Amino acid sequence: MDRIRYPAVIVVEGTSDVAFLSSFLDTEFVTTNGSDVPRETINYLKEAIKKKDVVVLTDPDYPGRRIRSVLDENIPGLLHAFVRKENSIKHHKVGVAESTKEEVLLALSHVVPSKTGEPGTLTMTDLMEFGLMGGVESKALRRKVEERLHLGHGNAKTLLRRMNALCVGKEDIEEAMRDDR
């Protein structure tokens, strides 16, 4: 099987992720070896990002979010790809290695920058008005919007931060919430 050439460094959590991804992707992989990201890894990625894109592809769970946070705090300009949790479970384990080739390729085709120059202007009040927080159905609505905008899962605060980083507007939210989509 021919592997797909991917023009970026992909950061993953461990060797099982690399084994799975390298079966269909031809690129450089960097492992964090867990949520305590070594200083050497951070320093290497700071140099790598000067020459090519660096995409963080961690598990859709708390340790994966923690790794993203640590990397974002230390390395400006990262890109993020998110596999959907419901499509990344095997044998009671959740992760990139438990995902599918199709799920990973979908995630990599919708990378999200960690920060942009001018952030959007959405507020928590806007999220409340759309029913994305504070209501009985808020979590389900957030999941729908997150999936359609390829933002990964999080709470309302995380959703707001990611939407503002991508300059998502009210019209984009309305479009993502439509059932006929």
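In which helix does Lys101 lie? The legends below answer that and then visit other parts of this predicted model.

**View 1. Lys101 in helix H4.** Lys101 belongs to helix H4, which covers residues 101-108. Is this lysine buried, exposed or partly exposed? With a relative accessible area of 29%, Lys101 is partly exposed, because buried means under 20% and exposed means over 50%. It is also worth finding Leu25 in this view: Lys101 and Leu25 are 76 residues apart along the chain, and their C-alpha atoms are separated by 9.3 Å.

**View 2. The whole chain, for orientation.** Let's step back for a moment before the next close-up. The protein chain has eight helices and seven strands, and its C-alpha trace spans about 45 × 35 × 30 Å along the principal axes. A compact globule of 181 residues would have a radius of gyration near 16 Å, and the 17 Å of this chain agrees with that. Buried residues account for 45% of the 181 residues. Of the contacts with a separation of 6 or more, 59% join residues that are 24 or more positions apart. The chain exposes about 9,800 Å², with 52% of that area supplied by carbon and sulfur atoms. As for charge, there are 27 positive and 29 negative charges, and their mean positions are 3 Å apart.

**View 3. Phe20 and Phe24, an aromatic pair.** How many aromatic pairs does the count give? The count comes to one aromatic pair. Phe20 and Phe24 form it, with their rings edge-to-face, 5.3 Å centre to centre and 70 degrees between the planes. Phe20 has 19% relative accessibility and counts as buried, because the cut-off for buried is under 20%. Phe24 is buried too, with a relative accessible area of 1%.

**View 4. Ser138 and Arg142 in helix H6.** Here are two residues of one helix, each with its own set of contacts. Ser138 sits in helix H6, residues 138-149, and Arg142 lies in H6 as well. Ser138 counts as buried at 3% relative accessibility, and Arg142 counts as buried at 12%. Leaving aside neighbours within four places in sequence, Ser138 is in contact with Gly131, Leu132 and Met133. With residues up to four places away again not counted, Arg142 touches Leu132 and Met133, along with Gly154, Asn155, Ala156 and Leu159. For a partner farther along the chain, look for Met177: Arg142 and Met177 are 35 residues apart, and their C-alpha atoms are separated by 9.0 Å.

**View 5. Helix H7 and its cover.** Why is helix H7 described as largely enclosed by the rest of the structure? Eight of the 10 residues of H7 (residues 156-165) are buried, so the helix is largely enclosed. The buried residues are Ala156, Thr158, Leu159, Leu160, Arg162, Met163, Asn164 and Ala165. What lies over them includes strand E7 (112-113), helix H5 (124-129), H6 and helix H8 (170-177). This view ties in with the previous one, since Ala156 and Leu159 are among the residues that Arg142 touches.

Terms used: Residues are numbered from 1 along each chain as its sequence is written. This is a predicted model: local features need pLDDT of at least 70, side-chain atom pairs count only at pLDDT 80 or more; totals for chains, interfaces and linings use all residues. Side-chain values use heavy atoms; hydrogens and water are left out. Helices (H or I, at least four residues) and strands (E, at least two) are DSSP runs, numbered from the N terminus. The radius of gyration is taken over C-alpha atoms; the globule rule is 2.2 Å times the number of residues to the power 0.38. Buried means under 20% relative accessible area, exposed over 50%, partly exposed in between (1.4 Å probe, protein chains only). Contact means heavy atoms within 4.5 Å. Accessible areas come from the Shrake-Rupley method with a 1.4 Å probe; for residues, only the protein chains shown count as cover. Lys and Arg count as positive and Asp and Glu as negative; His and the chain ends are not counted. The place of a charge is taken as NZ of Lys, CZ of Arg, CG of Asp or CD of Glu. Rings of Phe, Tyr and Trp (its six-membered ring) pair if their centres lie within 6.5 Å; planes under 30 degrees apart count as stacked, over 60 as edge-to-face and the rest as tilted.
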